[in-house]
Amino acid sequence: MPSKSNISSLENKLKASKFRWLNEKLYTTTGDKSLSHFKANPELFTQYHEGFSMQVGLWSVNPLDLIIDELLSYIDKRAKLLAPLVIADLGCGEGKLGTSLSLLGVEVYSFDLVSTQEHIIAADISNIPLSSSSVDIAVFCLSLMGTNWPDFIDEALRILKEGGFLYIAEVRSRFDSGIKPFVDQLQNLGLKLLAKRSEGDKLNAKSQPFYSNHAFIKEGRCSHIALPVNSGINYT
C-alpha cells in the first residue's frame, strides 16, 4: 500500500502537470477565449492557481510580495494627501494585493478571469470596466498571458492617469530578444522607466533568475505595442 508521502508526491506531480497544460493554454489563446473557457469550467481556474502557487513557492522571492512592499511604502508617503489612491490589479489571481491593502484606505480593483473572492471582478483585462484616466497605479504580476497581451498593456494605459505608475513583473523566458526591447517599446508608448531611486522604482533594482520586475511612470501615449514573445513559458 502506498505511503502517505508517496500519495502526496503523486498528487503534487499531477497538479504540476495540470498546471503546465493550463499554463500553455493561457499563453496560446486570446484573453476573451480564456475568459469564456474558465467561465464554463471554473474548477480549472482553481486547479491552475493551485499549481501556480506550488511553482512560485519554489522561488526565493515572490514578485508580488516585492510589489506589495513597494506599494505599502508609497502609500505611507502619500498618507497626508486627501485624494484616495486607486489601484488596478490586472490578472490578480487570488487577490492578495487587494486584501493586503484593503485596510489602508486604498481603492483596489482586482481583475481576473474568474472571481474566486468577493472583491475580485471577473473580466478580460483587454476590456476593463473602468473609466479612462481613472487609476493611479496599474499592476501586471505574471499576468501578461494570452496571444493578445499587447491589448492588455493598451488597456492599462487607457485607464492609467498621466503621472500614474505601471508595475510589470514577467518571466524572462517569454522574451525572444531579451527584456530590453520590451522595455524600449514600452518607453516608446509614453512610459518612462524609473531608473533612479524614487517613489515606485524599488523593483528596478531587484530581479530573480526566473522573472524581471520593472516600474514605469506614464508620461504620454505614442503607438500600439508590437513585440514578438514566446508563446510558451518556463517556470522550472
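# Exercises on a predicted model

Leaving aside neighbours within four places in sequence, T29 is in contact with S34, G146 and T147. The model to which these exercises refer is a predicted one.

## Exercise 1. A loop residue and its distant partner

Determine where T29 lies and how far T147 is from T29 in sequence and in space.

**Solution.**
1. T29 is placed in the loop between α1 and α2.
2. In sequence, 118 residues separate T29 from T147.
3. In space, the C-alpha atoms of T29 and T147 are 5.4 Å apart.
4. The contact list of T29 includes T147 itself, together with S34 and G146.
5. For the chain, residues 24 or more positions apart supply 74% of the contacts that have a separation of 6 or more.

## Exercise 2. The order of elements

State how many helices and strands the chain has, and in which pattern they follow one another.

**Solution.**
1. The count is seven helices and seven strands.
2. From the start of the sequence to its end, the pattern reads α-α-α-α-β-α-β-β-β-α-β-α-β-β.
3. Regarding burial, 49% of the 236 residues are counted as buried.
4. The exposed area of the chain is about 11500 Å², of which carbon and sulfur atoms supply 53%.

## Exercise 3. The nonpolar cores

Identify the residues that touch the most other members of the largest nonpolar core, then trace the elements and domains that contribute to this core.

**Solution.**
1. The largest nonpolar core has 40 residues, and those touching the most other members are I67, L71, I87, L97, I137, V139 and Y167.
2. Two or more residues of this core come from each of the helices α1 (4-27), α2 (31-40), α3 (42-56), α4 (63-77) and α5 (96-101), and likewise from each of the strands β4 (135-141), β5 (160-171) and β7 (211-218).
3. Helix α4 gives the largest share, seven residues.
4. Domain 1 (4-58) and domain 2 (63-218) each supply at least three residues to this core.
5. Another core, of 28 residues, lies apart from it; W149, A156, L166 and L189 are among its members.

## Exercise 4. The setting of helix α6

Explain why helix α6 (residues 149-159) may be described as largely enclosed by the rest of the structure.

**Solution.**
1. The buried residues of α6 are W149, P150, F152, I153, D154, E155, A156, L157 and I159.
2. Nine of the eleven residues of α6 are thus buried, so the helix is largely enclosed by the rest of the structure.
3. An α-helix has 3.6 residues a turn, so residues three or four places apart point the same way.

## Exercise 5. Strand β7 and its partners

Establish which residues of β7 are buried on each side, and which residues stand opposite A215 and K218.

**Solution.**
1. Eight of the eight residues of β7 are buried.
2. In a regular strand the side chains alternate between the two faces of the sheet.
3. One side of β7 carries Y211, N213, A215 and I217, the other S212, H214, F216 and K218, and all of these are buried.
4. Strands β5 and β7 run antiparallel and are joined by seven bridges; within this pairing, Y167 stands opposite A215.
5. Strand β6 (residues 191-193) also pairs with β7 in the antiparallel sense, over three bridges, and L191 has K218 as its bridge partner.
6. K192 belongs to β6, and its relative accessibility of 43% makes it partly exposed.
7. Although 26 residues apart along the chain, K192 and K218 have C-alpha atoms separated by 6.4 Å.
8. Not counting residues up to four places away in sequence, K192 touches Q187, A215, F216, I217 and E219.

## Exercise 6. Two positive phi angles

Decide whether S133 and L142, each with phi near 55°, are buried or partly exposed.

**Solution.**
1. Most residues other than glycine have a negative phi.
2. S133 has a positive phi, near 55°, and lies in the loop between β3 (120-122) and β4.
3. With a relative accessible area of 44%, S133 is partly exposed.
4. L142 likewise has a positive phi, near 55°, and is located in the loop between β4 and α6.
5. At 5% relative accessibility, below the 20% limit for burial, L142 is buried.

## Exercise 7. Cysteines

State how many disulfides the structure holds, and whether C92 and C141 are buried or exposed.

**Solution.**
1. The number of disulfides is zero.
2. C92 has a relative accessible area of 8% and is buried.
3. C141, at 11% relative accessibility, is also buried.

Methods:
Residues are numbered from 1 along each chain as its sequence is written. This is a predicted model: local features need pLDDT of at least 70, side-chain atom pairs count only at pLDDT 80 or more; totals for chains, interfaces and linings use all residues. Side-chain values use heavy atoms; hydrogens and water are left out. Helices (H or I, at least four residues) and strands (E, at least two) are DSSP runs, numbered from the N terminus. Buried means under 20% relative accessible area, exposed over 50%, partly exposed in between (1.4 Å probe, protein chains only). Contact means heavy atoms within 4.5 Å. Accessible areas come from the Shrake-Rupley method with a 1.4 Å probe; for residues, only the protein chains shown count as cover. A nonpolar core is a set of buried Ala, Val, Leu, Ile, Met, Phe, Trp, Tyr and Cys residues joined through side-chain atoms within 4.5 Å. Domain bounds come from an automatic or database domain assignment. A disulfide is a pair of cysteine sulfur atoms within 2.5 Å. Two strands pair if DSSP finds at least two bridges between them.
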